[in-house]
Amino acid sequence: MTVAASVSAELIKLADEELFAGHVLTSVSGWGPELEINLAMSSMGQDELGHARLLYGLAVGTDRDRINDLIYARPPGEFRAAALSSVYSKQWEMLVVKHFLYESADAERLRLLAGSTPELAEAAAKMRSEEDFHLEFWTSWFDRTARIDHARVQKALSALWPSAAGLFDFGEGGLFTPASAREAADDWSSRITSRLTSLGFSLPSVAEEPVDDSQRILDEMRIVYNDAPGRW
């Protein structure tokens with residue numbers, strides 16, 4: 001499949017976010033409170049890495065070297081992922097809040113993707129069954145963690161909400177129209193705000209510096225590549 005350069009750029013943005021989210025989940029999959037949760041986190045992380053490869057393939061073709069170059073050789077400044085996808089914290093409530101926000105937004109973005117070209121709709125369908133489970137899992141654990149320690153979840157929400165900015169930040173004339181992206185962003189924000197309010201949470205009204213650990217993720221991912229470039 002050949003796509004326009006503007007569409008390719010937006011697919012790469014989505015792929016970058018799935019890549020970062022997947023890397024973090026596989027890296028922290030031993031930190032959960034139960035063995036079964038750790039196994040689920042590892043599996044979901046691998047799902048996200050698979051989604052990243054699928055989206056990179058749609059953007060630039062399925063050549064393995066081209067995709068690997070995007071991941072391992074691209075300058076860090078060229079990654080456009082929303083900061084939320086790269087948040088890397090050892091605190092359980094931060095992980096839960098991150099993925100509750102990220103997966104609920106991803107459901108909206110998959111809906112947009114499903115209304116695009118037939119090829120992109122097919123890709124969205126492949127990802128949806130796994131993403132539906134991710135959203136159900138993290139929503140359940142968000143509710144459970146909120147009941148156990150409301151104050152810590154509120155603190156995590158206040159820290160991470162600014163990092164969610166950019167999840168629907170797509171260029172004009174690219175993958176989605178600006179109007180459809182804004183509508184999806186508004187729908188997501190409205191539902192999230194309503195749900196959080198009903199649970200007694202509030203979102204920060206003053207913009208803060210977003211949490212962004214993308215450089216740490218790239219450094220970890222590229223350890224072998226940087227030590228022995230071109231040997232694989």
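# Exercises: who sits next to whom?

At just 1% relative accessibility, Lys98 counts as buried. Keep in mind that this is a predicted model. Let's work through it piece by piece.

## Exercise 1: Lys98

Work out where Lys98 is placed and which residues it touches, leaving out those up to four places away in sequence.

**Solution**

- Step 1. Find the element: Lys98 belongs to helix H4.
- Step 2. Check the burial. The cut-off for buried is under 20% relative accessible area, so Lys98, at 1%, passes as buried.
- Step 3. List the contacts. Once residues up to four places away are set aside, Lys98 touches Ala21, Val24, Leu84, Ser85, Ser86, Val87 and Leu160.
- Step 4. Look along the chain. Ala159 is 61 residues apart from Lys98, and their C-alpha atoms are separated by 10.0 Å.

## Exercise 2: how do H5 and H6 pack?

Describe how the axes of H5 and H6 cross, then name the residues that meet.

**Solution**

- Step 1. Know what to look for: two packed helices are described by the angle between their axes and the distance between the axes.
- Step 2. Read off both values. The axes of H5 (residues 118–148) and H6 (residues 150–160) come within 5 Å, and they cross at roughly 125 degrees.
- Step 3. Name the arrangement: that crossing makes H5 oblique to H6.
- Step 4. Pick out the residues. From H5 come Phe142, Thr145, Ala146 and Ile148, and they meet His150, Val153 and Leu157 of H6.
- Step 5. Sort them by class: the contact of H5 with H6 has 5 nonpolar residues, 2 polar ones and no charged ones.

## Exercise 3: rings with rings

Decide whether the pair Phe100 and Phe142 is stacked or edge-to-face, and do the same for Phe170 and Phe176.

**Solution**

- Step 1. Recall the two values you need: a pair of aromatic rings is described by the distance of the centres and the angle of the planes.
- Step 2. Start with the total, which comes to 11 aromatic pairs.
- Step 3. Take Phe100 and Phe142. Their centres are 4.2 Å apart with 15 degrees between the planes, and the pair is stacked. Planes under 30 degrees apart count as stacked, so the label fits.
- Step 4. Place that pair on the chain. Phe100 is in helix H4 (residues 92–114) and Phe142 in helix H5, so this pair links distant parts of the chain, 42 residues apart. Both Phe100 and Phe142 are buried.
- Step 5. Now Phe170 and Phe176: 4.9 Å centre to centre and 85 degrees between the planes, an edge-to-face pair. Phe170 and Phe176 are buried too.
- Step 6. Look for a cluster: Trp92, Phe133, Phe137, Trp138 and Trp141 form one.

## Exercise 4: charges over rings

Find the ring that the charged end of Lys13 sits over, and the ring under the charged end of Arg216.

**Solution**

- Step 1. For Lys13, the ring is that of Phe170, with the charged end 5.6 Å from the ring centre.
- Step 2. For Arg216, the ring is that of Tyr88, and here the distance to the centre is 3.6 Å.

## Exercise 5: buried or partly exposed?

Label Ser163, Leu19 and Ser116 as buried or partly exposed, and add what is around them.

**Solution**

- Step 1. Ser163 lies in the loop between H6 and helix H7 (178–198). Its relative accessible area is 0%, so Ser163 is buried. Not counting residues up to four places away in sequence, Ser163 touches Ala82, Ala83, Leu84, Val87, Pro210 and Val211.
- Step 2. Leu19 is part of helix H1 (residues 5–27). A relative accessible area of 5% makes Leu19 buried. With the same kind of neighbours left out, up to four places away, the residues touching Leu19 are Leu49, Ala52, Tyr56, Ile71, Phe79 and Met221. His51 is 32 residues apart from Leu19 in sequence, and 8.0 Å apart in space, C-alpha to C-alpha.
- Step 3. Ser116 is placed in the loop between H4 and H5. Its relative accessibility is 27%, so Ser116 counts as partly exposed. In space, Ser116 and Phe176 are 7.8 Å apart, C-alpha to C-alpha, though 60 residues apart in sequence.

Definitions and conventions:
Residues are numbered from 1 along each chain as its sequence is written. This is a predicted model: local features need pLDDT of at least 70, side-chain atom pairs count only at pLDDT 80 or more; totals for chains, interfaces and linings use all residues. Side-chain values use heavy atoms; hydrogens and water are left out. Axes are lines fitted to C-alpha atoms, for helices over the stretch in contact, and angles run from 0 to 180 degrees between N-to-C directions. Helices (H or I, at least four residues) and strands (E, at least two) are DSSP runs, numbered from the N terminus. Contact means heavy atoms within 4.5 Å. Ala, Val, Leu, Ile, Met, Phe, Trp, Tyr, Cys and Pro count as nonpolar, Asp, Glu, Lys and Arg as charged, and the others, Gly among them, as polar. Rings of Phe, Tyr and Trp (its six-membered ring) pair if their centres lie within 6.5 Å; planes under 30 degrees apart count as stacked, over 60 as edge-to-face and the rest as tilted. Buried means under 20% relative accessible area, exposed over 50%, partly exposed in between (1.4 Å probe, protein chains only). A charge sits over a ring if NZ of Lys or CZ of Arg is within 6 Å of the ring centre and within 35 degrees of the ring normal.
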